[in-house]
Amino acid sequence: MSERKLEMISVDSEAIDVPKHLNPDQVDFFVNQGYLVVPDMIDVNELDELKRDVIDVARGRYPCENIEPLAEDITDQEVIEKILCIHMPHYISPVIEKYVKHPKICGALSQLTGAHIPFWDGSVKCMQSMYFVKPPQFQGQAWHQDEIYIPTRDRSLIGAWIAIDDADKKNGCLYVIPGSHKMGYLYPQRDHCKPEEFDFAPESYGFDETVEIPVEVEAGSLVFFNGYVLHRSRKNLSDVYRRVLVNHYCNAWSLLPWAVEVDGSIAKTDNRRIIPVAGTDPYAWKGYEHVPKNVTMRDCKARQDSLKK
């Protein structure tokens, strides 16, 4: 295991001010339903930038420990047609990091993330980015709740799902079960036994899935959803991509007992590989963990050896 590195910063770090554009009805909808669609948060030029950047990441144009630069005779289409998802692209891409900290998105997060918590001051931090390419005929993800994978201390995990392409039922849009977050129950999981429809991850079960609704959105829309909301996506049956950048955040006041070794009490465990994006970071005195210059590719099939030559 590589040595963990901490860069210590001053306790008195400056607060991050972000614009707040959501109205009370939108915030109430999120609190009660567990998700919210906000159209037109990202403009056409920004969408084009995100489409170009996934090519740059996959081609190895950023310094990265586990992606070798690809030959120029390999087309951009060949580069991305076998990629389902790239995990943690903000570790190497300044473009993705810019969208992690996008002022309009973070402004909405400062109104939604801890809206269920009395006295919350709007402070938010980010711990994860995922760029889903989802080419035609690639699988979706079975029912799950994100807090099974990224636990918070106050049920404040929130996904910010940036639709880079139009997302509809044919190309594998999100489906959610409204209100499934309310009791804070994490459902058990099992093998879904549907490898042609869903990827390798297990499925949550034990609830009425007939009440699901599709969340069809146009490119540039944001879908925000709480970490306890049950959601899934089906296989892309269209002939177009369904690209999405989804970043995960939580209340900055919550400790983050995720992807770290427990040294002593689990109650004190806190992942510091995070980025403050709104308000203050009350734990700034702990410092921030050095992020590795690597990403993880998820493929539905193995990438062909020719792409590595």
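Start by selecting Val133, which sits in the loop between strand S4 (124-132) and strand S5 (141-144). Helices (H or I, at least four residues) and strands (E, at least two) are DSSP runs, numbered from the N terminus. You are looking at a predicted model, in which local features need pLDDT of at least 70 and side-chain atom pairs count only at pLDDT 80 or more, while totals for chains, interfaces and linings use all residues. Residues are numbered from 1 along each chain as its sequence is written, and side-chain values use heavy atoms, with hydrogens and water left out.

**Stop 1: around Val133**

Is Val133 buried or exposed? Val133 is buried, with a relative accessible area of 0%. Here buried means under 20% relative accessible area, exposed means over 50%, and partly exposed is in between (1.4 Å probe, protein chains only).

Now add the partners of Val133 to your selection. Leaving aside neighbours within four places in sequence, Val133 is in contact with Val54, Ile80, Ile83, Leu84, Tyr241, Arg242 and Arg243. Contact means heavy atoms within 4.5 Å. Try a distance too: Val133 and Ile80 are 53 residues apart in sequence, and their C-alpha atoms are 7.3 Å apart in space.

**Stop 2: two positive phi angles**

Move to Lys134, which also lies in the loop between S4 and S5. Lys134 counts as buried, at 2% relative accessibility. What is the phi of Lys134? The phi of Lys134 is near 45 degrees, a positive value in a residue other than glycine. Most residues other than glycine have a negative phi.

Next, select Cys193, in the loop between strand S8 (189-190) and strand S9 (203-204). Cys193 is not a glycine, yet its phi is positive, about 60 degrees. Unlike buried Lys134, Cys193 is exposed, with a relative accessible area of 62%.

**Stop 3: helix H5 and Asn23**

Select residues 103-112 to highlight helix H5. Eight of its ten residues are buried, so H5 is largely enclosed by the rest of the structure. Which residues of H5 are buried? They are Ile105, Cys106, Gly107, Ala108, Leu109, Ser110, Gln111 and Leu112.

Keep Ala108 selected and add Asn23, 85 residues away along the chain; their C-alpha atoms are separated by 9.8 Å. Asn23 is in the loop between strand S1 (6-7) and helix H1 (24-33). At 35% relative accessibility, Asn23 counts as partly exposed.

**Stop 4: Cys250 in strand S13**

Find Cys250 in strand S13 (residues 244-251). Cys250 is buried, with a relative accessible area of 0%. Which residues does Cys250 touch, leaving aside neighbours within four places in sequence? Cys250 is in contact with Thr113, Ser123, Val124, Lys125, Met127, Thr152, Ser156, Leu157 and Leu256. One of these contacts, Lys125, is 125 residues from Cys250 in sequence and 5.7 Å away in space, C-alpha to C-alpha.

**Stop 5: Asp48 in helix H2**

Select Asp48, found in helix H2 (residues 44-59). Asp48 is partly exposed, with a relative accessible area of 31%. Draw a line from Asp48 to Arg298: the two are 250 residues apart in sequence and 23 Å apart in space, C-alpha to C-alpha.

**Stop 6: the whole chain**

Zoom out and show the cartoon. The chain has five helices and 16 strands. Its radius of gyration is 19 Å, close to the 19 Å that the globule rule gives for 309 residues, so the chain is as compact as a globular protein of that length. The radius is taken over C-alpha atoms, and the rule is 2.2 Å times the number of residues to the power 0.38. Turn the view along the principal axes, where the C-alpha trace spans about 55 × 45 × 40 Å.

Colour by burial, and 54% of the 309 residues are buried. Of the contacts with a separation of 6 or more, 83% are between residues 24 or more positions apart.

**Last stop: colour by confidence**

The mean pLDDT (the predictor's confidence in each residue, from 0 to 100) is 92, and 93% of the residues reach 70 or more. Finish by selecting residues 301-309, where pLDDT stays under 50 and the model has 17 contacts beyond four places in sequence. Where pLDDT is low, the predicted coordinates should not be read in detail.
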